[in-house]
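The following exercises ask the reader to work through a structure step by step. Each task is followed by a worked solution.

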Amino acid sequence: MKVALCPSLFEENLDPKAFDNFSDFVEETALQKVLEVEKRLKDNGNNPDVVIGADTMVTLDGKMFGKPTSEQEAYDMLKSLAGRSHTVYTGVVVKASDNVVKFTENTDVVFGALDDEQIKGYIATGEPMDKAGGYGIQGVGGTFVEKINGDYFTVVGLPLYRLCSVLYEPSTLLHIKEAANRRKDSISEKFSKLYDPDSTKQEFSWHQDCLATYISEEKIRRQEIALHKKDEEEVSASTSKANVEELTPKPT
């Protein structure tokens, strides 16, 4: 299976107040990311077998801390987290065809005491600006973490153990396999039309493009082989000539 990283273009503008709890919020945001990516891929002619999306949110005293929109906001977030325990929620969505699996993991994180110099120095690195809560535990922000209670990768943004457990569930594997089979059937159908006299003009044009590309690539490949063979022959001839010259007695 080929795996590709495809950042979502979803604006992440859902209203937290519209959700009953933090888990519902991060799961819905993750779902919207997945739907946007899946649609964009399909619009470009790609049909993914499975799309996985995640969203992470830092919470403290009942408030959500997303990605800071300014350095001042990053400072305020880190100042609030300093010397205290907060909870990180990561919602994950796995979508294979029409089958959707959602889950949320949470981890408690304890920050050590931070002074203004540490906070401002960290903000100057630029790392906080694209991280929920204004820090990345996998980066320089990890130096602020005194301890955690839960899964480290949940704080990073993708709880790997739980994700792999979901992917290995028989029902999930079945849906992924079905999606892969549908994709293969679609490809086979396109190529079978190469020999279909009733193919449309558009399909025929597509076939011509495929054949033209193949012929062009094959021509280039053969030229490269010929050049390589010629180079080998020249090297071989040069080596043989040098050997003959070495073996030929020189007049005294």
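**Exercise 1. Classify Lys39 as buried, partly exposed or exposed, and examine its salt bridge with Asp43.**

Solution.
Step 1. The model is a predicted one. In it, Lys39 has a relative accessibility of 54%. A residue over 50% is classed as exposed, so Lys39 counts as exposed.
Step 2. Asp43 has a relative accessible area of 55% and is therefore exposed.
Step 3. The side chains of Lys39 and Asp43 meet in a salt bridge, with 2.9 Å from N to O. This lies within the 4 Å that the criterion allows.
Step 4. Lys39 and Asp43 are 4 residues apart in helix 1, so about one helical turn separates them.

**Exercise 2. Determine which parts of the chain are linked by the salt bridge between Arg162 and Glu105, and state how accessible each partner is.**

Solution.
Step 1. The N to O distance between the side chains of Arg162 and Glu105 is 2.5 Å, and the two meet in a salt bridge.
Step 2. Arg162 belongs to helix 5 (residues 160-167), while Glu105 belongs to strand 4. The partners are 57 residues apart, and the pair links distant parts of the chain.
Step 3. Arg162 has a relative accessible area of 33% and is partly exposed. Glu105, at 23%, also counts as partly exposed.
Step 4. As a general principle, side chains of opposite charge can pair when their charged atoms come close.

**Exercise 3. Describe the salt bridge between Lys33 and Glu12, and name the network that includes both residues.**

Solution.
Step 1. The structure holds 11 salt bridges in total. In the one between Lys33 and Glu12, the closest N and O atoms are 3.6 Å apart.
Step 2. Lys33 lies in helix 1, whereas Glu12 lies in the segment before helix 1. The two are 21 residues apart, and their pair links distant parts of the chain.
Step 3. Lys33 has a relative accessibility of 13%. The limit for a buried residue is under 20%, so Lys33 counts as buried. Glu12, at 34%, counts as partly exposed.
Step 4. Glu12, Lys33, Asp55 and Lys67 are joined into one network by salt bridges that share partners.

**Exercise 4. Work out how strand 4 pairs with strand 3 and with strand 5.**

Solution.
Step 1. Strand 3 and strand 4 (residues 99-111) run antiparallel and are joined by 12 bridges. Within this pairing, Thr90 stands opposite Glu105 of strand 4.
Step 2. Strands 3 and 4 form a hairpin, with 2 residues between them. Ser97, in the turn, has a positive phi of about 60°.
Step 3. Strand 4 also pairs with strand 5 (residues 145-149), in the antiparallel sense and over 4 bridges. Here Val109 stands opposite Ile148 of strand 5.
Step 4. A general rule applies to such elements: in a regular strand the side chains alternate between the two faces of the sheet.

**Exercise 5. Decide whether the ring pair of Phe22 and Tyr89 is stacked, tilted or edge-to-face, and locate its partners.**

Solution.
Step 1. The structure holds 6 aromatic pairs. In the pair of Phe22 and Tyr89, the ring centres are 5.3 Å apart and the planes stand at 55°.
Step 2. Planes under 30 degrees apart count as stacked and planes over 60 as edge-to-face. The angle of 55° falls in neither range, so the pair is tilted.
Step 3. Phe22 lies in helix 1 (residues 22-43) and Tyr89 in strand 3 (residues 85-96), so the pair ties together parts that are 67 residues apart in sequence.
Step 4. Phe22 has 22% relative accessibility and counts as partly exposed, while Tyr89, at 17%, counts as buried.
Step 5. A further aromatic pair, Tyr152 and Phe153, is edge-to-face, with 5.3 Å from centre to centre and 80° between the planes. Elsewhere, Phe111, Tyr122, Tyr135 and Phe144 form one aromatic cluster.

**Exercise 6. Identify the residues of the nonpolar surface patch and the element that contributes the largest share.**

Solution.
Step 1. Ile148, Tyr152, Phe153, Val156 and Leu160 make a nonpolar surface patch of about 360 Å².
Step 2. Helix 4 (residues 152-156) supplies the largest share of the patch, 3 residues. Ile148 lies in strand 5.
Step 3. Ile148 has a relative accessible area of 33% and is partly exposed. Tyr152, at 33% relative accessibility, counts as partly exposed, and so does Phe153, at 37%.

Key: Residues are numbered from 1 along each chain as its sequence is written. This is a predicted model: local features need pLDDT of at least 70, side-chain atom pairs count only at pLDDT 80 or more; totals for chains, interfaces and linings use all residues. Side-chain values use heavy atoms; hydrogens and water are left out. Rings of Phe, Tyr and Trp (its six-membered ring) pair if their centres lie within 6.5 Å; planes under 30 degrees apart count as stacked, over 60 as edge-to-face and the rest as tilted. Buried means under 20% relative accessible area, exposed over 50%, partly exposed in between (1.4 Å probe, protein chains only). Two strands pair if DSSP finds at least two bridges between them. Patches are made of residues with over 30% relative accessible area and no salt bridge: like charges are joined within 9 Å, nonpolar side chains (Val, Leu, Ile, Met, Phe, Trp, Tyr) within 5 Å. Accessible areas come from the Shrake-Rupley method with a 1.4 Å probe; for residues, only the protein chains shown count as cover.
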